[in-house]
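Dear colleague,

I am handing over the structure we spoke about, and it is placed just below. My notes on what was found in it follow, starting from a single detail and widening from there.

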Amino acid sequence: MARWRWRRTYLGGEADRAAFRALHNASLASPALREGLTSASAERSVGHLRALLGTPAAGLGDTSGLLAWDGLGAHHRSQLAGTISQVAETGRTMIVDERTLVCDDGGCQVTQAIVSPLVVEDTLVGALVVGAPHTTGGLVRAADEVASWVSGQLELAELDLSRNRLMEAEVRALRAQISPHFIYNSLGAIASFVRTDPDRARELLLEFADFTRYSFRRHGEYTTLAEELRSVERYLLLEQARFGDRLQVTLQVAPEVLPVAVPFLCIQPLVENAVRHGLEASADKADGVGRLSITARDLDQECVIEVEDDGTGEDPERVRQALAGDVSMDSVGLGNVDARLRNAYGDDYGLVVETAPGAGTKVIVRVPKFAPGVQV
């Protein structure tokens with residue numbers, strides 16, 4: 001008996017179970033609503049909203065009318081269109097009674113409806129409709145609370161969309177910053193081999209085509225480290241065609257980190273900076289060579305990528321300015337890459353730059369092997 005009583009207490013009373021059911025239904029509706037208010041998302045979420053409210057019927061609509069309906073009384077859908085438009089205009093909850101919901105079915109359980117507005121960033125975007133045999137003050141309050149929660153999910157969807165647009169804009173800005181001088185120099189290098197070494201010119205042209213195809217692709221916020229490093233290798237082949245033995249490259253990559261997801265174009269800009277700065281100092285060296293090393297290591301739950309050159313180094317204050325996004329700095333996309341890493345993984349995963357005048361530069365990138373919302 002003591003054990004039975006303990007289990008009964010542990011499972012909780014009816015109020016606890018009701019709270020659990022409410023949270024469960026809310027969690028089921030949330031993923032669809034986080035995609036925005038569309039016919040598809042409304043169809044997938046409205047059933048869970050009806051279960052959350054415990055009513056015979058529920059519907060979701062935008063400012064033009066109902067998008068989805070679940071439960072009884074579907075024949076009332078057309079009668080509610082005018083009320084939804086009024087709610088969208090006034091922003092006030094309205095109750096519809098039998099005078100609007102005219103029905104020949106004497107046993108219809110939807111004789112009244114509550115229409116609550118959905119608001120995203122102070123803009124009315126639609127309405128939640130709750131159908132019942134009769135309305136009470138408690139049901140009206142519940143409908144308004146659920147409508148407020150739905151509005152919050154739709155606002156998060158809008159924030160996600162804005163974030164994605166910002167990320168796309170940042171990648172476009174990075175492409176624009178990288179591409180002009182590199183394309184010009186690469187084509188010039190390829191042209192120099194057309195007569196003297198046609199086979200190599202052809203190979204370089206194919207590498208250039210693959211590099212630009214990857215860099216200018218329009219899909220995917222993330223890619224694998226393997227794909228990113230493959231693009232870096234193509235870039236370095238083209239740069240070595242220009243500089244020959246003046247550029248020496250060392251790559252050390254642990255095979256286990258190749259499938260790790262990383263932000264698109266997060267390594268190539270760092271390599272381009274290293275090539276620039278490494279070769280800038282090569283003329284002053286006895287051997288006239290600029291050296292670049294790229295390593296990718298497996299570190300427990302993280303992947304660590306390091307890009308290091310033996311060039312002139314940089315004043316740390318100027319590096320801080322570049323990381324802050326100062327476009328006057330001669331650093332291809334350093335602030336852009338840092339911002340995208342922080343947006344993807346949090347502030348603990350920004351770029352770490354080790355440098356000083358005359359001491360070369362090392363840029364360290366840490367990314368978690370697994371992170372919520374990060375996938376290829």
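**From one bridge to the whole chain**

The residue in β12 that serves as the bridge partner of D309 is T361. Please keep in mind while reading that this is a predicted model. The D309 bridge belongs to a longer pairing, in which strand β10, residues 302-309, and strand β12, residues 361-368, run antiparallel to each other over 8 bridges.

These two strands sit within an open sheet of 5 strands, whose order is β7-β9-β10-β12-β11 and whose pairing is mixed. At its edges are β7 (247-253) and β11 (352-355), each of which pairs on one side only. Within this sheet, neighbouring strands are turned against each other by 10 degrees on average, when direction is ignored. As a general reminder, the strands of a sheet pair through backbone hydrogen bonds, in either a parallel or an antiparallel manner.

Which helix lies across β7, β9 and β10? It is α7, spanning residues 225-243, and this helix runs at about 165 degrees to β7, while β9 covers residues 290-299.

As for the protein chain as a whole, it contains 10 helices and 12 strands, and of its 376 residues 45% are buried. If one takes the contacts between residues at least 6 apart in sequence, 64% of them join residues at least 24 apart. The accessible surface of the chain comes to about 19,600 Å², and carbon and sulfur atoms account for 52% of that area.

With best regards

Conventions. Residues are numbered from 1 along each chain as its sequence is written. This is a predicted model: local features need pLDDT of at least 70, side-chain atom pairs count only at pLDDT 80 or more; totals for chains, interfaces and linings use all residues. Side-chain values use heavy atoms; hydrogens and water are left out. Helices (H or I, at least four residues) and strands (E, at least two) are DSSP runs, numbered from the N terminus. Buried means under 20% relative accessible area, exposed over 50%, partly exposed in between (1.4 Å probe, protein chains only). Contact means heavy atoms within 4.5 Å. Accessible areas come from the Shrake-Rupley method with a 1.4 Å probe; for residues, only the protein chains shown count as cover. Two strands pair if DSSP finds at least two bridges between them. Axes are lines fitted to C-alpha atoms, for helices over the stretch in contact, and angles run from 0 to 180 degrees between N-to-C directions.
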